[in-house]
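Subject: Structure handover

Hello,

Here is the structure you asked to take over. Please open it beside this email and find each residue as you read.

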Amino acid sequence: RRFAHLPLGRNPYGENLAWCYDTLARTTSLLMTSALLLTGVGNMGGHQSRAQAVLTLLMLAAVIGMCLSWNLVTLLLMAMLLEVAVMSRSVIRVPEESLPHAKHQTWVNLASLVLLLLALVAGTAEQFGNQPAWYSADGLARDLLVLAALLRMGVYPSPASTKRRWEVYLLSGGVGIYLWLRLALANPIDLPFGEWLVPLSWAAIGITSLLAALAPHYSLAVPWLILNQLAYIVLAPYLAPVTATSLVLLGMVHLVLWIGLLRIDSDLLVSGGHWDRRLRRWAPWPFVVTLFSLAGAPFTLGGQVRWLALQATWQRGWANAVPVLAVLFALASVPALQRLRQDWKRPRRPSTVQPWRLRAAVGAAYVAAAALLVLGVGGSAWARDLLRPYRAIAPVDAAAGTPAWSRTLVLILTGYVVPLLGGTALSRFRRPFAERVTAVFEWLNAPLEIDWLYAAIEWAADKFKHATGALAAAIEG
């Protein structure tokens, strides 16, 4: 139901600003707000300018507005507000080498805005303006919304999409997953573009798992792991259209909490939280939980997400893909397990930050880590209950013919035992092999970054600008 309505004038189709306040919108808004609050508390030991704080709050307001949007007009305006804040936040106090990546990401987000505008035009032509955006979009409008959600997530063949500030990961990527979840719930059977998104997602999962395992350092594997989880989120609605929406929801929560904890960890390293004698014993434990969740350990949210991915694959009838997933899980677990075997680095100088600020930052990390553990135990039941009112059809277990005990045993072996044992074995001898393979195939980084595509677009835009100027001069002359 709509809880706010702002008319924009007289029009025949009812395209006015309107917001809803259902359970899913409230939950997503609370998730984004809590994650931003925890990361803000974790950054109390650092310095943040007034402009950065204002833009961060503006981004949060735009994200909440997008989550509560009732129709396409409201969704488009909130997305425009988010893009202005993201673009401004991405260029304030950043190294000069990061500016090209901020510009490239701005182009992608602008393309997402253009698709939302075209979806609004198509929806208006079909006279669906006063219905919810997720259910009114049909045909061309729905296809455009799907493409806009994919671009907002950053799911395209470019690891350069992960070279963004953490706020863009956490907020812009999170709202893209929210749009994808809404579309998957509204279109449980006929979600478009499955003929090419399914093989592309499988290819992305395989490539990113391998590249993450071969990364020389954990920090270099993080972009591939983010893209790997986004690929699972995109693939899920096509595997099990009804039950896999729980995978999308929990995947969004896991990604947001993981990125937030990464941010808190980096802030504690800068501010000297691991140097303080009273915090030295307690500070690393939340990040140990994060790494175990990233490795897919049992009773963590990361393990719950992998379990749901295996269940969705089994329900689809792709039993042959289950061993393949076990291998991919093992490869994706290597960076986290390798990082667990290393010690946390301490700053060279003692911290000058007030102790209560450091304790508050560590407390925020403990809250996020506790959420990973709690949702790892009861996350599946919580997501199922939350999404039950939004499902268009009742869940059907496609694997009902298989005995429950044998299926559970297979899923435990492929979801937990094989990936953890295989990832542990690979993490012990992977470094020399990874360095050799990385040296041989280093030339692949250039085409994967697709900076050549951005350069070609800039060249074409420059040529078009000169041609337009010459044509205008010829017409005037």
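The notes below go from the whole chain to particular places in it.

Please keep in mind that this is a predicted model.

Overall make-up

The chain has 18 helices and two strands. Of its 477 residues, 53% are buried. Take the contacts in the chain with a separation of 6 or more: 81% of them come from residues 24 or more positions apart.

Salt bridges

Side chains of opposite charge can pair when their charged atoms come close. How many salt bridges does a search of the whole structure find? The search finds three.

One of them joins Asp22 to Arg182, with 2.6 Å between the closest N and O atoms. This pair links distant parts of the chain, as the two residues are 160 residues apart. Asp22 sits in the loop between β2 (17-20) and α1 (23-42), while Arg182 belongs to helix α7 (residues 166-186). Are these two residues buried or exposed? Both Asp22 and Arg182 are buried.

Another salt bridge is formed by Asp143 and Arg142, whose closest N and O atoms are 3.9 Å apart. Residues under 20% relative accessible area count as buried, and those from there up to 50% as partly exposed. Asp143 has 22% relative accessibility, so Asp143 counts as partly exposed. Arg142 has 12%, so Arg142 counts as buried.

A further salt bridge brings together the side chains of Arg388 and Asp385, at 3.1 Å from N to O. Arg388 has a relative accessible area of 48% and is therefore partly exposed. Asp385 is partly exposed too, because its relative accessibility is 45%.

Aromatic pairs

A pair of aromatic rings is described by the distance of the centres and the angle of the planes. There are five aromatic pairs in the structure, and two examples follow.

For Trp180 and Tyr238, the ring centres are 6.2 Å apart and the planes are at 50 degrees, so this pair is tilted. The cut-offs behind that word are simple: planes under 30 degrees apart count as stacked, over 60 as edge-to-face, and the rest as tilted. Trp180 is in helix α7 and Tyr238 in helix α9 (residues 218-239), so the pair ties together parts of the chain that are 58 residues apart in sequence. Both residues are buried.

The other example is Trp202 with Trp318, where the ring centres are 6.3 Å apart and the planes are at 50 degrees, so the pair is tilted. Trp202 lies in helix α8 (residues 194-214), and Trp318 lies in the loop between α13 (301-316) and α14 (321-340), so parts 116 residues apart in sequence are tied together. Trp318 counts as partly exposed because its relative accessibility is 30%.

Cavities

The structure contains five cavities of 30 Å³ or more. The largest cavity holds about 220 Å³ of space. Which residues of its lining are closest to its centre? Among the 14 residues that line the largest cavity, they are Asn228, Gln229, Tyr232, Leu294 and Arg306. Five helices, α9, α10 (245-271), α12 (285-294), α13 and α14, each supply at least two residues of this lining. By type, the lining has eight nonpolar residues, five polar and one charged.

Helix α12

Helix α12, which helps to line the largest cavity, is mostly covered, with eight of its 10 residues buried. The buried residues in α12 are Pro286, Phe287, Val288, Val289, Thr290, Leu291, Ser293 and Leu294. Leu294 is also one of the lining residues closest to the centre of the largest cavity. Just after α12 comes Gly296, which has a positive phi of about 80 degrees.

Gly379

The last place to look at is a glycine in helix α15 (residues 355-387), Gly379. Gly379 counts as buried because its relative accessibility is 0%. Which residues does Gly379 contact, leaving aside its neighbours within four places in sequence? They are Leu250, Gln304 and Val374. The C-alpha atom of Gly379 is separated by 9.1 Å from that of Val305, and these two residues are 74 residues apart along the chain.

Regards

Definitions and conventions:
Residues numbered from 1 in each chain as written. Predicted model: local features only at pLDDT ≥ 70, side-chain atom pairs only at ≥ 80, totals over all residues. Heavy atoms only, no water. Salt bridge = Lys/Arg side-chain N within 4 Å of Asp/Glu carboxyl O. Helix = DSSP H or I, 4+ residues; strand = E, 2+ residues; numbered from the N terminus. Buried < 20%, exposed > 50% of the residue type's maximum accessible area, 1.4 Å probe, protein only. Phe/Tyr/Trp six-rings, centres within 6.5 Å; stacked < 30°, edge-to-face > 60°. 1 Å grid on protein atoms, 1.4 Å probe; cavity = no way out; pocket = protein on both sides within 12 Å on 5 of 7 lines; lining within 4 Å. Points joined across faces, edges and corners; volume = space filled by probe spheres on them. Nonpolar A, V, L, I, M, F, W, Y, C, P; charged D, E, K, R; others polar. Contact = heavy atoms within 4.5 Å.
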